[in-house]
Amino acid sequence: MTSSSKRKEESHLLNGGVKQSTWSKAFNSNAVWEEKDEFLDVIYWLRQIIAIILGVIWGVAPLKGFLGIAIFCIINAGVLYVYFSSFQQIDEEEYGGTWELTKEGFMTSFALFLVVWIIFYTALHFD
């Protein structure tokens, strides 16, 4: 079976209808996550999107030093915590606890944030 026909087959038949895509479930409150990895992927990629947005804002702002890093960490962890605990209302213990969900993809998003922040800051505020 080819991968495209396999994807089409997977996208059909859930509760007698069409299966929701991962991203449509990500933006629907209280979505049902059949696979644990699917939700962890959403957490990972949302964290990367937040890192890019905050990196651009910090570079344009021009925010410097430890204050910028600390604010990024607080916003990044806080937004994702509110997302999975209040918006999605998942059982955190099913995913290894709050700490596991909070740190999912954090280091890669931190690295991405630093790269974007440095590029934008250097491009806009050279002395």
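**View 1. Aromatic rings pair up 13 times in this predicted model.** Here the rings of Phe, Tyr and Trp (its six-membered ring) pair if their centres lie within 6.5 Å. Ring pairs join W58, F72, F106, F110, F113 and W117 into a cluster. Local features need pLDDT of at least 70, and side-chain atom pairs count only at pLDDT 80 or more, while totals for chains, interfaces and linings use all residues. Residues are numbered from 1 along each chain as its sequence is written, and side-chain values use heavy atoms, without hydrogens and water.

**View 2. F72 and F113 form a stacked pair (planes under 30 degrees apart).** Their centres are 4.0 Å apart, with 5° between the planes. F72 sits in helix 4 (residues 65–87) and F113 in helix 6, 41 residues apart, so the pair links distant parts of the chain. Helices here are DSSP runs (H or I, at least four residues), numbered from the N terminus. Both F72 and F113 are buried (under 20% relative accessible area, 1.4 Å probe, protein chains only).

**View 3. Y81 and F84 meet edge-to-face (planes over 60 degrees apart).** The distance is 5.4 Å centre to centre and the planes lie 80° apart. Both residues belong to helix 4, three residues apart, about one turn of the helix. Y81 is partly exposed (between 20% and 50%) at 38% relative accessibility, whereas F84 is buried at 0%.

**View 4. Helix 3 (residues 36–60) packs with helix 6 (residues 106–124).** Their axes, lines fitted to C-alpha atoms over the stretch in contact, are 7 Å apart at an angle of about 25°. That makes helix 3 roughly parallel to helix 6 (under 35 degrees).

Conventions
Axes are lines fitted to C-alpha atoms, for helices over the stretch in contact, and angles run from 0 to 180 degrees between N-to-C directions. Helices (H or I, at least four residues) and strands (E, at least two) are DSSP runs, numbered from the N terminus. Angles under 35 degrees count as roughly parallel, over 145 as roughly antiparallel, 65 to 115 as roughly perpendicular and the rest as oblique.
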